[in-house]
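Please look at how helices pack against one another in the structure shown here. Two helix pairs are taken in turn.

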Amino acid sequence: MISKMNMKKVSLRFGMVSLLLISLILTSCKEWDEHYDAGSAVEGSATATIWENITANSNLSQFAALVQKAGYAELLKSTQTVTVWAPLNDTFDYEALMNESNETLRKEFVQNHIARNNYPASGRVETSISMLNLKHLVFEGNGNYTMDGIAVAQPNVASLNGVLHTINGKLQFRSNILESLNNKDFPIDSISDFVHSYDVLRLNESKSTPGPVVDGQLTYLDSVFDDYNLLCQNYAYINREDSNYSMVVPSNEAWTKAMDYIKKCYNYVDFSYFDKPSSKTTNPTQERVKLSPSPEYWNDSISHDKMLTGLFYNNNLFDNKKLMKWAEGEQPQIDSLMTTWYDRIYTEDAEQMLKATTPVKKSNGVMFVTGDSLHLQPWLFWNPIINVEAEFGSNLAAVENGSDRTERVNAETQNPLVPGSVSNEGYVTVSPNTNMSNVELNFYLRGARSTTYVLYGVFVPANITNRFIPQEDIKPNQVQVQIGMNRANGSLPANPTTLTRTDTIGYDEQGKPITKTVNLFTNDPSKVDTVCFGEITFPICYYGMAGSPYLRVLSRVPVGNTEFDRTVRIDRFFLLPKELDAYMKQHPDYKVHY
């Protein structure tokens, strides 16, 4: 038995222990409150999960129903630590969200209000937080807090598996560029359908919450999928929230117009070609190109590739940074824009492209949506200039009746009395074998498209590096130019096509031009001279092919003639798309970059 004295001692000890426990509990609660936000009222139970605290709050019943519908209740019950910003009832359009598909509801609403890890509202806060849908939202404040500009009504509802904040409204879902490629706001489903045809969902195991093993397979309580798009990997990461891109987005009408043009330039067929073109070769060997899986496949694939090439720009690089100012309504002069494939578009063309667009800001950059046309000059990306540097051994297929050598010239070594400049600081000289020989040069024309070009050649005078040669000894060349190319069915004709040029030599009494057809071409030997050889239309496309058409230059100096130089000096040849040639004649100040 316990004596009365001992009973008093036990009671005293019990009372002291009770006071100690109460003191510890109060101290613990005080420390918890101070850890999050001193002075804020904390509701819910720190021993309950976030899901239990949500469902226990009648003011969060709408949010709870949407979370349940989207299948995210299990995550909020789990041991994984998360923070939830839950909008209070009637602060958002609940009915509209209930009518959304589960996929949209998950990505644009539920995942947009949940983040992994603890984010308490305590002291001064200014944090960019990656939500479950990978959108970056700013949580900030000092005593009073906001999440992405929405006021926090009740911060720091401590829970067993994280923190719950209630907020006075729905957090806005901001689409990135890839997500915005749809037909909701603009008629852009042509490009949207094409880009999204490469969408793939990949399970991100490191970010997913493992569940039980079922039938030998690991399941996940919260499966996190990363959007993967092959086109994004190749052109621009417009699906990443940590990126900053601009994309020129053609309307359906603009897309159709551009694709119609591009597809004509990439008319592929099976074809034959001469491996070593030369007029002196007896029974030249023909090589055969068989397109797999089909010419139609090549036409479609290459045409879409060319369509996309000029549409993507990294806003963090070069003068591309000014694109953000264009998106904000300013129009600063742009020196040049650089695509993500490092193709450059210069001032006049860049500004023309942008002025006809509507800029729309996105979570990872800007969309510049076009009107009824994509104001990109076709020669910039779709149908470019074909430039053939004559001094490159890979371009020179064969030389007949003479020998070739590469010459070098630069600003320091060039004769100051000779106007003009030599591209790439080099040219080829072909000297005849004898004083009576006419040389022949054969060049590959790689990459020619199925379109019409105007062919030019740049001739170099004999005194380009020697000012002491008497001017009367500097003579012009006289040449004939031929193109060896395939017929529309891919077969090779027996002979190449001889180019002609129509010159205006005067006008009649009615003012109509009098013309003359020229098939022999001479240059001005007093300068580095660019000579036009006329137009040529290729029926088929050679871009990306092993074989190509060829250019043959034949010196045509009559026997005993001393008016022309039999030694030919060539800087380069270039094929100008006919539209560009006409544009340059109409806009003489337009700068062309080869």
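Which residues in α9 meet which residues in α10? In this predicted model, the α9 side consists of Trp-255, Ala-258, Met-259, Ile-262 and Lys-263. Facing them in α10 are Asn-299, Asp-300, Ser-303, His-304, Lys-306 and Met-307. Sorted by class, the contact of α9 with α10 holds five nonpolar, three polar and three charged residues.

Two packed helices are described by the angle between their axes and the distance between the axes. For helix α9, residues 252–265, and helix α10, residues 295–309, the axes come within 9 Å and cross at roughly 125 degrees. Angles from 65 to 115 degrees count as roughly perpendicular and those over 145 as roughly antiparallel, so α9 is oblique to α10. The crossing in which α9 passes α10 is right-handed.

The second pair lies earlier in the numbering, with helix α3 covering residues 61–70 and helix α6 covering residues 102–110. Their axes come within 9 Å and cross at roughly 130 degrees. Because of that angle, α3 is oblique to α6. Here the crossing is left-handed as α3 passes α6.

On the α3 side, the contact is made by Phe-63, Leu-66, Val-67, Lys-69 and Ala-70. Helix α6 contributes Asn-102, Leu-105, Arg-106, Phe-109 and Val-110. The contact of α3 with α6 is made up of seven nonpolar residues, one polar residue and two charged residues.

To review the handedness, α9 passes α10 in a right-handed crossing, whereas α3 passes α6 in a left-handed one.

Key:
Residues numbered from 1 in each chain as written. Predicted model: local features only at pLDDT ≥ 70, side-chain atom pairs only at ≥ 80, totals over all residues. Heavy atoms only, no water. Axes fitted to C-alpha atoms, helices over the stretch in contact; angles between N-to-C directions. Helix = DSSP H or I, 4+ residues; strand = E, 2+ residues; numbered from the N terminus. Parallel < 35°, antiparallel > 145°, perpendicular 65-115°, else oblique. Left-handed = near helix turned anticlockwise from the far one by under 90°. Contact = heavy atoms within 4.5 Å. Nonpolar A, V, L, I, M, F, W, Y, C, P; charged D, E, K, R; others polar.
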